[in-house]
Amino acid sequence: QDFDKKQASLFNPYNESIKNKVLLQNIPIFKTLSPEDLNEIAENAERLHFEKGEYIIKQNDSGDSLYVINDGVVSVYLDNEKGEKIFLAKLGVLEFIGEFSLLTGEPRSANVIAETPCIVIKVSKDIIKDIFSKNPEIYDYVAKILAQRKLQLDKKKNESNTNKDENKNLINDIKTAIINFLK
């Protein structure tokens, strides 16, 4: 089946927005947002289709968006210094990828490849910038979530543990990076 990669529902965009909102309200970094702010994100998010084997995210690319998996399964891989692919995770519906680049502007940290045909919801920096600026309390909450995910990724990369002080410093560093990037 062929999909137009950028096609939203031509018949009823309101239904697409409702579907987007249902998914987005389950994403940890959006849980503290008001229904109005969530609606704004849902209405402006973009639905994209990927075929099996297509890259959704390529490691080291620049990025300013996150993707929420609406349908399908993706695999997350890391290219190490030796050029080997290291499997990190298999993700499905309601899981999200690319949040670090969206919120800090850092390059993509891993490859994400569609294992099956996928539909994802793309949320870009432009959509969330104003919403985050209206909700400054969200920075601490989101920085903590991103720090946990980054530590998990780093642990898989290095197979090493970090202590609580390093974790607290990482949370503060990430919070600062988010605030600076979204200004």
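This is a dialogue on reading side-chain and strand features in a predicted model.

Visitor: Where should I start inside the protein, and which residues of the largest nonpolar core touch the most other members?

Guide: Start with the residues that are packed together away from the surface. The largest nonpolar core has 34 residues, and F30, I41, L103, V123, I128, F132 and I178 touch the most other members. Several elements give two or more residues to this core, among them α1 (13-24), α2 (35-44), β3 (65-71) and α6 (164-182). The largest share, 8 residues, comes from α5.

Visitor: Which residues does F132 touch, leaving out those up to four places away in sequence?

Guide: With those neighbours not counted, F132 touches F30, L103, I138, Y139, V142 and L182. A second, separate core has 18 residues, including F50, V74, I97 and C118.

Visitor: Now the charged side chains. How many salt bridges are there?

Guide: The count comes to 6 salt bridges. When you read one, look at the two partners, the distance between them, and where each lies in the chain. Take D37 and K134, whose side chains meet in a salt bridge at 3.3 Å, N to O. D37 is in helix α2 and K134 in helix α4, 97 residues apart, so the pair links distant parts of the chain.

Visitor: Is D37 buried or exposed, and is K134 buried or exposed?

Guide: D37 counts as buried because its relative accessibility is 6%, and buried means under 20%. K134 has a relative accessible area of 52%, so K134 is exposed, the cut-off being over 50%. The two ends of this salt bridge therefore fall in separate classes, D37 buried and K134 exposed.

Visitor: What is the distance in the salt bridge between D140 and K175?

Guide: The closest N and O atoms of D140 and K175 are 2.8 Å apart. This pair also links distant parts of the chain: D140 is in helix α5 and K175 in helix α6, 35 residues apart. D140 is partly exposed at 44% relative accessible area, and K175 is partly exposed at 25%.

Visitor: Which residues are joined into one network by salt bridges that share partners?

Guide: E16, K19 and R47 are joined into one network in that way. Another salt bridge is formed by the side chains of D79 and K85, at 3.1 Å, N to O. D79 counts as partly exposed at 31% relative accessibility, as does K85 at 42%.

Visitor: What describes a pair of aromatic rings?

Guide: The distance of the centres and the angle of the planes describe such a pair. This structure holds 2 aromatic pairs. In one of them, the ring centres of Y77 and F87 are 5.7 Å apart and the planes stand at 70°, so the pair is edge-to-face. Y77 lies in strand β4 (residues 74-79) and F87 in strand β5 (residues 85-91), so the pair ties together parts that are 10 residues apart in sequence. Y77 counts as partly exposed at 21% relative accessibility, and F87 counts as partly exposed at 44%.

Visitor: What are the values for the aromatic pair of F132 and Y139?

Guide: F132 and Y139 are 6.1 Å apart, centre to centre, with 70° between the planes, and form an edge-to-face pair. F132 is buried, with a relative accessible area of 0%, and Y139 is buried at 10%.

Visitor: Rings can also have a charge over the face. Which residue lies over the face of F181?

Guide: K125 does, at 3.8 Å from the ring centre of F181. In a second case, K58 lies over the face of Y55, at 5.2 Å from the ring centre.

Visitor: Last, the strands. Through what do the strands of a sheet pair?

Guide: Strands pair through backbone hydrogen bonds, either parallel or antiparallel. Here 4 strands form an open sheet in the order β1-β8-β3-β6, and the pairing is antiparallel.

Visitor: Which are the edge strands?

Guide: The edge strands are β1 (46-50) and β6 (96-97), and each pairs on one side only. The antiparallel pairing of β3 and β6 runs over 2 bridges. At that pairing, Y67 stands opposite I97 in β6. I97 has already appeared as one of the residues in the second core.

Terms used: Residues numbered from 1 in each chain as written. Predicted model: local features only at pLDDT ≥ 70, side-chain atom pairs only at ≥ 80, totals over all residues. Heavy atoms only, no water. Core = buried A, V, L, I, M, F, W, Y, C linked by side-chain atoms within 4.5 Å. Buried < 20%, exposed > 50% of the residue type's maximum accessible area, 1.4 Å probe, protein only. Contact = heavy atoms within 4.5 Å. Salt bridge = Lys/Arg side-chain N within 4 Å of Asp/Glu carboxyl O. Phe/Tyr/Trp six-rings, centres within 6.5 Å; stacked < 30°, edge-to-face > 60°. Lys NZ or Arg CZ within 6 Å of the ring centre and 35° of its normal. Pairing = 2+ DSSP bridges.
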